Each structure stands twice: as structure tokens, then as C-alpha cells.
Amino acid sequence: IDKAPIFDQVIQDWDAKMATDPTNEKFQAVEFGFNFGSNDGTMAAKLNMYSTTWTDRVQTKTAGDQGDSTDDIIVYLSGINQAHSGIEMEFAAQLHEMFRLDLAVGLGNWVFTDDATGTYRDAEDEVSYVYGLKDLKVGDMPQFTMAMGGTITPVEGAKIQALYRFYALHYADWGVSSREGGDDRAQVWKAPSYGVLDIHASYDLPIELGSTKPSVFLHVFNALDETYIQDATDNSRYNAWSDQHRASDAEVFFGMPTSFNLGLRVNF
């Protein structure tokens, strides 16, 4: 697949300057999987394996001020190449007329396969650097995920589900300043694993108003009020202490505490 880069990657907002002969991003993907279902319909499973290469990707990053300027500088990156491979599994079983079990697991290996070139395009003279990305883990998304849910239907029209989500191998996004020049080859910081429990419930009210059918619902997110890091940037230009790719050098974003959503739904 060839994909044209988005406008922000090739046209500068402030002067409409356009990149010279921008290159399309390219994807090559192979997937292979199995689907299984029991004859009585009480069990189903899926297994999927994938391998994807993403080449000539372009991206923008915000760097610190340069020289006498106090403004942030936008770095335009090109030649970003990544390889994504992994395995995914889903399983569902109606173990009892009142209880259903769902399980999903995904394990990936996502890495940068080459260095990239970055250009400070808002300077008087465009300056380019090599950025040492080769063999870094792709950040911003956990590479191991698991979700397990149990759903009970105590009475007709009522459902209660407990859904536990677990995330691991969550690497931070790479920082611009520490990779400039290609000398720093250390792996990015890996955030702690975490798990979150959500509760979902609904009940179809035993009343009908013409063709309308009302129901009430309740969603409780992070029911155990887990404290966890949802996103991070390695060697942050704001918070880094020593630029050693440690927790003290990361800029982190915490996940939401316990919250809930209660409402009435009317279908017609």
C-alpha cells in the first residue's frame, strides 16, 4: 500500500513552504489466522499472526529552542522505517446460560529498523541531523495486552460485566534531543505494567412506550482506583534529570482515576 503523507508533514503552516518531492509512505503486510466455533455455538476462538513493515514514514516532533530563539522548534523527520509483528488471540465461551467468559491476548514486537533524518525547517538555513532510531522499540502503545471479562445475566434484560485489562511492555516515546546525531543508542525507558478493572451494567426496563424501549446503564471505569502511567516520553526536554533513559528522565501522563457514567437510553 502506498499512502500520501498528510499535509502537516509536507507544508509549513506559517509560510506555505512545501517539501521538495515528498515520498509516499509504504506498507507491506501479511496476516495469517484461524477461526474456530463449536457446533452448539457456545465457544468461539480466533488466532491471528501478522507481520507489517512501514517504510518512508514522515513525522513531526517538537524540539527545544535553538540558538537565541525562545520558541519551540518543529523538526520534520523523514525515512522512518518500522517493523511490526505479533500474535493475537481471542476466546469466548458461554459456560452457563447466565455466565459468559471472554479473553483476549496480544503480544507484539514493534521496532524501528533504521535511523531517520530530521530537519529544522523554520531556521534561516535548514539544518539536518541523523536521529539514532535503529533497534528502538516503538513507543506510545503497550506491546502486550490482555483483557478478561465475565458477564452474568441474573434476570432477563439485565447484564453485569467485570472487565479486567492488563498492559505491559509499554515503552516511552523517544525524545528528540537525546537522539540527535545518532550517538545515543540506549533503549527507551519502559513504563511499569498495570491493570485496570472496569464494571459495566445495563437493564432493560420492563415497560414499553409505543415503539420505544428504555434501559438504564452504568459504567465504572478504573473501579479499583489504580494509579498507572498511561503515556510517557523518554528523556523529556522538560523533566529529564540525567538523560539516562530512566524513570527520573521521563515525562509521564497518568491514567484517569475512578470515574462512572450513569444514564438512561431509549431505543426507537
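Glu25 is buried, with a relative accessible area of 4%. This residue belongs to a predicted model, as does everything I shall describe this morning. The side chain of Glu25 meets that of Lys3 in a salt bridge, at 3.8 Å from N to O. Lys3 lies in strand β1, residues 2–3, and Glu25 in strand β2, residues 25–37, so that the pair, 22 residues apart, links distant parts of the chain. The two partners differ in their surroundings: Glu25 is buried because its relative accessible area of 4% falls under 20%, whereas Lys3, with 31%, is partly exposed.

Let me stay with the charged side chains. Side chains of opposite charge can pair when their charged atoms come close. How many salt bridges does a search of the whole structure find? The search finds eight, and I shall discuss some of them.

One of these joins Asp115 and Arg185, whose side chains meet at 2.7 Å, N to O. Asp115 lies in the loop between β5 (99–112) and β6 (116–120), and Arg185 in the loop between α2 and β11 (190–191), so this pair ties together parts that are 70 residues apart in sequence. Asp115 is partly exposed, with a relative accessible area of 26%, and Arg185 is likewise partly exposed, with 42%.

Another salt bridge is formed by Asp184 and Arg179, at 3.7 Å from N to O. Here, both partners are buried. Moreover, Arg179 and Asp184 are linked with Asp234 in a network of salt bridges.

That network brings me to His245. Which residues does His245 touch, not counting residues up to four places away in sequence? They are Ser178, Arg179, Asp184, Ala186, Gln187, Trp189, Asp234 and Asn235. Arg179, Asp184 and Asp234, the residues linked in the salt-bridge network, are thus among the contacts of His245. The histidine itself lies in the loop between β14 (229–233) and β15 (251–254). With a relative accessibility of 11%, His245 counts as buried. In addition, the C-alpha atoms of His245 and Ala172 are 9.4 Å apart in space, while the two residues are 73 apart in sequence.

I turn now to the aromatic residues. A pair of aromatic rings is described by the distance of the centres and the angle of the planes. The count for this model comes to six aromatic pairs. In the pair of Tyr131 and Trp174, the ring centres are 5.9 Å apart and the planes stand at 55°, so the pair is tilted. Tyr131 lies in strand β7 (residues 127–131), and Trp174 in the loop between β10 (170–171) and α2 (176–179); the pair therefore ties together parts that are 43 residues apart in sequence. Are these two residues buried or exposed? Both Tyr131 and Trp174 are buried.

Trp174 also has a charged partner: the charged end of Lys61 sits over its ring, 4.6 Å from the centre. A further example of a charge over a ring is Arg57, which lies over the face of Trp54 at 4.4 Å from the ring centre. Elsewhere, ring pairs link Tyr167, Tyr194 and Tyr228 into a cluster.

Tyr131 appears again among the contacts of Thr117. Setting aside residues up to four places away in sequence, Thr117 touches Tyr76, Leu77, Ser78, Ser128, Tyr129 and Tyr131. Thr117 is placed in strand β6 and counts as partly exposed, at 35% relative accessibility. Thr117 and Thr233 are 116 residues apart in sequence, and their C-alpha atoms are 20 Å apart in space.

My last topic is strand β13, which spans residues 213–221 and contains Val216. Ser215 also has its place in this strand. How do these two residues compare in accessibility? Ser215 counts as buried, at 3% relative accessibility, whereas Val216 counts as partly exposed, at 31%.

Leaving aside neighbours within four places in sequence, Ser215 is in contact with Tyr203, Asp204, Leu205, Gly263, Leu264 and Arg265. Two of these residues, Tyr203 and Leu264, take part with Val216 in a nonpolar patch on the surface. The other members of the patch are Val155, Val266 and Phe268, and together the residues of the patch have about 600 Å² of accessible area.

Conventions:
Residues numbered from 1 in each chain as written. Predicted model: local features only at pLDDT ≥ 70, side-chain atom pairs only at ≥ 80, totals over all residues. Heavy atoms only, no water. Patch = residues over 30% accessible without salt bridge, like charges linked within 9 Å, V, L, I, M, F, W, Y side chains within 5 Å. Areas by Shrake-Rupley, 256 points an atom, 1.4 Å probe, with all protein chains shown as cover. Salt bridge = Lys/Arg side-chain N within 4 Å of Asp/Glu carboxyl O. Helix = DSSP H or I, 4+ residues; strand = E, 2+ residues; numbered from the N terminus. Buried < 20%, exposed > 50% of the residue type's maximum accessible area, 1.4 Å probe, protein only. Phe/Tyr/Trp six-rings, centres within 6.5 Å; stacked < 30°, edge-to-face > 60°. Lys NZ or Arg CZ within 6 Å of the ring centre and 35° of its normal. Contact = heavy atoms within 4.5 Å.
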